[in-house]
Amino acid sequence: MKKLFTLLLIVGISAFSFSQDINYGVHFATNISNMDYDVDGIRSNPHRNGFVFGAFVDFGLTETLAVMTELQYSPEGANLQDFKTDYLNLPVILNYNIFGGFKLGVGPQVGLKIHKHQDGFKNLVFSGVGLAEYMITDEFGIDFRYIYGVSNVFDDELNLKATQGVMQFGFTYRL
């Protein structure tokens, strides 16, 4: 019974996934990031602004549901020299088309530190992503994302614990 169920599940998913659209595109945004400390962190904690760019693939599952994955460069941290770090992020977002071109989405994100070595930051961080997107035309869209850090950004040897909160305001172009 388990084998039959598994076979039917695989055949159903395969037939269903090949009949849907796959879209490619680029994403450009501006970041506003900051660090949230568990206990007393750095005295001055100014937000850091930066430009984000990336490329994405959008896999349509149904008319209203899609999974989007993206590879993006994102400057994050606080706006102090020792607390700036850059990431190569990989979000996987489940999108739901509410109406017309308006979409909402959520999903996980993993970030790989690319800025410095042995600077006190972890090499991998994990976050949750919330997305609101409006497609103005079939090719151009605007979006807002909030990335909520769930893992500590500092190495375990340090006695600091902090997560990052990032807001992104961006534009998408589907090829």
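A salt bridge is a side-chain nitrogen of Lys or Arg within 4 Å of a carboxyl oxygen of Asp or Glu. The exercises below come back to this term.

The model is predicted, so local features need pLDDT of at least 70 and side-chain atom pairs count only at pLDDT 80 or more, while totals for chains, interfaces and linings use all residues. Residues are numbered from 1 along each chain as its sequence is written, and side-chain values use heavy atoms, with hydrogens and water left out.

**Exercise 1. Trace the barrel and say how its strands pair.**

Step 1. Let us begin with the terms. Strands are DSSP runs of E, at least two residues long, numbered from the N terminus; two of them pair if DSSP finds at least two bridges between them.

Step 2. Following the order β1-β2-β3-β4-β5-β6-β7-β8, eight strands close into a barrel with antiparallel pairing. On average, neighbouring strands of this sheet are turned by 25° against each other, direction ignored; the axes behind this angle are lines fitted to C-alpha atoms, and angles run from 0 to 180 degrees between N-to-C directions.

Step 3. Now take one pair. β1 (residues 22-37) and β2 (residues 48-60) are antiparallel and share 12 bridges, with G25 opposite F56 in β2.

**Exercise 2. Describe the neighbours and the two faces of β7.**

Step 1. On one side, nine bridges join β6 (residues 124-135) to β7 in the antiparallel sense. Y134 has I142 of β7 as its bridge partner, and a hairpin of four residues connects β6 to β7.

Step 2. On the other side, β7 pairs with β8 (residues 162-174), again antiparallel, over nine bridges. Here D143 is partnered by G170 in β8.

Step 3. In a regular strand the side chains alternate between the two faces of the sheet. For β7 (residues 140-149), the covered face holds G141, D143, R145, I147 and G149, and the uncovered face holds F140, I142, F144, Y146 and Y148.

Step 4. Two residues of the covered face also meet: D143 and R145 form a salt bridge, with their closest N and O atoms 3.5 Å apart. Both D143 and R145 are buried, meaning under 20% relative accessible area with a 1.4 Å probe, protein chains only.

**Exercise 3. Which residues share salt bridges with D58 in one network?**

Step 1. The structure holds six salt bridges. One of them joins D58 to K103, with 3.9 Å between the closest N and O atoms. D58 sits in β2 and K103 in β5, 45 residues apart, so distant parts of the chain are linked.

Step 2. D58 also meets R174 at 3.3 Å, N to O. This second pair spans 116 residues, from β2 to β8.

Step 3. Check the burial. D58 counts as buried because its relative accessible area is 3%, and R174 because its relative accessibility is 6%; K103 is buried too.

Step 4. Through shared partners, salt bridges join D58, K103, E133 and R174 into one network.

**Exercise 4. What lines the largest cavity?**

Step 1. A cavity is a set of points on a 1 Å grid, over the protein atoms alone, where a 1.4 Å probe fits but cannot get out; lining residues have an atom within 4 Å of a point.

Step 2. The count comes to one cavity of 30 Å³ or more, and the largest holds about 80 Å³.

Step 3. Its lining has 14 residues, and E76, V125, S127, G149 and Q164 lie nearest the centre. β6 gives the most, with three residues.

Terms used: Buried < 20%, exposed > 50% of the residue type's maximum accessible area, 1.4 Å probe, protein only. 1 Å grid on protein atoms, 1.4 Å probe; cavity = no way out; pocket = protein on both sides within 12 Å on 5 of 7 lines; lining within 4 Å. Points joined across faces, edges and corners; volume = space filled by probe spheres on them.
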